[in-house]
Amino acid sequence: MLQNLHVKNLAIIEEADVEMKSGLNILSGETGAGKSIIIGSINLALGEKVPKELLRDSEEPAFVELEFEVTNPHIIERLRELDVEPEGGMVTLSRKVTNQRSVGRINGEMVAASTMREVAALLIDIHGQHEHQSLLQKRKHLELVDDYAKTLLGERKKVLAAEYLEYRRMVEELHNSAMDEDARKREQSLLEYEVQEIEEANLSEGEDEELEQEFRRFSNGKKIMEGVNQAYAACGGEMESASELIGRAVRELGSVSAYDPKVGALENQLAEIDNLLGDFNHEISSYISEADFDEERFFHMEKRLDLINHLKSKYGRTITEILEECAKKRSRMECLTDYDTYIGNLRASIQNQERKLEQLCTEISEIRRQAAGKLCAAIRDALVDLNFLDVQFTMDFSRLPEYTANGFDDAEFLISVNPGEPVLPLARVASGGELSRIMLAIKTVMAESDDIETLIFDEIDSGISGRTAQMVAEKMNQLGRNHQIICITHLPQIAAMADNHFLIEKSVVGQSTVSNIRSLSDEESVKELARMLGGVEITDTVMMNAREMKDMAQRKK
């Protein structure tokens with residue numbers, strides 16, 4: 001459940017902090033007061049793109065924060081799968097936006113916008129002003145059925161997607177393998193040459209790294225030897241070397257150490273240094289005597305590295321990739337050697353894969369048809385509650401000419417809103433107001449089988465009035481009994497049903513227009529209903545009507 005919304009520096013909102021509650025939360029206000037900006041700010045926090053015009057002050061960042069209380073164990077489990085751990089039962093989503101960039105955070109940790117959207121999809125469902133128009137797109141209908149039957153379809157659709165991907169790979173391979181005899185011989189000849197070239201190199205894993213290390217040592221051999229000899233001369237040479245000088249110093253201290261214990265301690269320290277230096281001189285002398293910078297060895301090493309780098313330029317960035325590519329080419333060469341058998345086996349594999357797809361698609365289609373029957377019946381009942389008195393609502397299924405990753409179903413909703421009329425596609429029958437109610441009916445039915453606790457409706461009342469508006473209000477009230485509903489509305493019938501009523505109002509502060517949002521008391525809610533009923537002039541009669549509407553709504557709860 002959304003508990004708190006905080007918005008700062010967004011469009012005409014300077015700063016707003018709203019404590020949301022359970023049940024039906026109504027947001028109302030004059031046109032242009034900033035109601036849609038509230039929805040825009042929520043969308044922004046949920047990871048949607050940021051329109052630059054939403055920034056109130058280009059010099060100051062915009063900030064939106066949503067705090068959700070999460071108690072559903074299924075939602076908590078799915079959040080953990082996304083590496084999001086509720087802190088004290090709370091999940092906080094925030095977005096900071098400047099002219100240059102935006103930063104999204106979940107519980108204070110920076111995340112990608114895609115992660116924000118995934119998490120948001122578990123917590124909140126937003127029905128925008130024009131979302132009902134999506135019902136005119138036939139592909140949306142099958143998405144709704146799949147969402148309704150996601151428990152049964154989920155794993156099957158994953159398996160189907162993987163099998164379809166393999167099927168497309170096979171078909172592509174068959175397409176690419178189509179060639180005449182001359183082309184086959186040319187490719188076979190090239191493959192034989194490439195495989196031979198790699199095999200003759202007799203490559204071994206890690207060989208290139210060892211050679212490169214040794215090559216660096218050889219190529220800098222002269223510089224290394226000069227440095228080592230200079231070091232040896234300074235440390236172990238006969239005249240004025242460190243070894244000779246330290247040895248002399250040890251003897252000098254030894255001649256006087258008997259007179260002072262402290263001098264004896266210094267003599268012991270210096271003697272240890274003399275011993276360490278002696279060991280060092282022995283090791284560096286051995287290194288000089290054993291050093292072998294054979295020019296012939298260096299030449300062969302250089303040629304070997306050139307060969308390996310040449311093969312890398314053709315077949316892969318590493319020896320491992322080169323060897324893998326060789327194996328692929330050898331396999332392809334074997335296919336071309338017995339081309340007819342290869343093509344026959346490939347076609348047989350495709351036919352076998354098609355049988356798998358047919359079975360999976362049939363299973364999925366059957367689940368969809370059964371789910372569609374239940375969904376359409378539930379939507380029809382919900383439509384009756386929304387003043388579609390004699391409505392028929394069903395789904396028509398047909399089969400696509402080819403398999404897809406989503407099956408072979410082509411489906412769309414059909415509706416008849418008047419007695420005696422045949423069922424027809426939604427796009428041909430439903431008006432804007434009817435589409436809005438149909439979408440509300442769908443949302444109501446889907447919410448009953450969904451774990452999402454918070455639903456937002458942005459002007460769901462578009463194109464409706466009178467008795468229909470009252471029935472929509474009652475449906476919203478019913479939906480608010482099991483979910484948190486946040487609804488922006490212009491209709492007093494819906495606003496009267498509010499469990500919590502918020503007013504969005506615009507005012508001028510200094511030279512700037514700002515929008516504020518505040519919670520209304522019962523009496524203030526009645527005044528707002530009167531404004532929605534009466535317009536500019538609010539008479540005593542209008543106030544009485546508003547109070548009566550509020551009382552009637554409360555009795556229906």
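Asparagine 202 comes right after helix α6 and has a positive phi, near 50 degrees. The model is predicted. Helix α6 covers residues 181-201, and glutamate 192 is one of its residues. Across the whole structure, a search finds 29 salt bridges. The points below take the helix, the positive phi values, the charges and some distances in turn.

**Helix α6**

- Helix α6 has 21 residues, so at 1.5 Å a residue it should span 30 Å.
- Its end C-alpha atoms are 30 Å apart, which agrees with that expectation.
- The buried residues of α6 are Ala183, Arg184, Gln188, Leu191, Glu194, Val195, Glu197, Ile198 and Ala201.
- Charged residues are on that buried list, including Arg184, Glu194 and Glu197.
- Glutamate 192 also sits in α6, but it counts as partly exposed because its relative accessibility is 40%, between the 20% and 50% cut-offs.
- From glutamate 192 to glutamine 478, the C-alpha separation is 74 Å, with these positions 286 residues apart along the chain.

**Positive phi values**

- Aspartate 83 is not a glycine, yet its phi is positive, near 65 degrees.
- This aspartate belongs to the loop between α2 (73-81) and β5 (90-97).
- Aspartate 83 has a relative accessible area of 73%, so it is exposed; the cut-off for exposed is over 50%.
- Asparagine 387 is another non-glycine residue with positive phi, about 75 degrees.
- Its loop runs between α13 (339-385) and β9 (392-404).
- Asparagine 387 counts as partly exposed because its relative accessibility is 23%.
- Phenylalanine 388 is found in the loop between α13 and β9.
- Phenylalanine 388 has 4% relative accessibility, so it counts as buried; the limit for buried is under 20%.
- The C-alpha atoms of phenylalanine 388 and alanine 372 are separated by 20 Å, and the two residues are 16 apart along the chain.

**Salt bridge within helix α5**

- Arginine 169 and glutamate 173 join their side chains in a salt bridge, at 2.9 Å from N to O.
- Both residues belong to helix α5 (residues 150-177) and are 4 residues apart, about one turn of the helix.
- In general, an α-helix has 3.6 residues a turn, so residues three or four places apart point the same way.
- Arginine 169 is partly exposed because its relative accessibility is 42%.
- Glutamate 173 is also partly exposed, at 26% relative accessibility.

**Salt bridge between β10 and α13**

- Aspartate 409 and arginine 368 form a salt bridge of 3.2 Å, N to O.
- This pair links distant parts of the chain: aspartate 409 is in strand β10 (residues 407-416) and arginine 368 is in helix α13, 41 residues apart.
- Both aspartate 409 and arginine 368 are buried.
- The two residues belong to a salt-bridge network that links Asp146, Lys157, Arg368 and Asp409.

**Salt bridge between α18 and α19**

- Glutamate 523 pairs with arginine 547 in a salt bridge whose closest N and O atoms are 2.8 Å apart.
- Here too the pair links distant parts of the chain: glutamate 523 in helix α18 (residues 522-534) and arginine 547 in helix α19 (residues 540-556), 24 residues apart.
- Glutamate 523 counts as partly exposed because its relative accessibility is 38%.
- Arginine 547 is partly exposed as well, with a relative accessible area of 32%.
- Lysine 527 also lies in helix α18, and at 48% relative accessibility it counts as partly exposed.
- Lysine 527 and valine 542 are 15 residues apart in sequence, with 9.4 Å between their C-alpha atoms.

**Negative surface patch**

- Glu14, Glu15, Asp17 and Glu19 gather in a patch of negative charge on the surface.
- Glutamate 15 is part of strand β2 (residues 13-19).
- Glutamate 15 counts as partly exposed because its relative accessibility is 44%.

How values were computed: Residues are numbered from 1 along each chain as its sequence is written. This is a predicted model: local features need pLDDT of at least 70, side-chain atom pairs count only at pLDDT 80 or more; totals for chains, interfaces and linings use all residues. Side-chain values use heavy atoms; hydrogens and water are left out. Helices (H or I, at least four residues) and strands (E, at least two) are DSSP runs, numbered from the N terminus. The expected span of a helix is 1.5 Å times one less than its number of residues. Buried means under 20% relative accessible area, exposed over 50%, partly exposed in between (1.4 Å probe, protein chains only). Patches are made of residues with over 30% relative accessible area and no salt bridge: like charges are joined within 9 Å, nonpolar side chains (Val, Leu, Ile, Met, Phe, Trp, Tyr) within 5 Å. Accessible areas come from the Shrake-Rupley method with a 1.4 Å probe; for residues, only the protein chains shown count as cover. A salt bridge is a side-chain nitrogen of Lys or Arg within 4 Å of a carboxyl oxygen of Asp or Glu. Lys and Arg count as positive and Asp and Glu as negative; His and the chain ends are not counted. The place of a charge is taken as NZ of Lys, CZ of Arg, CG of Asp or CD of Glu.
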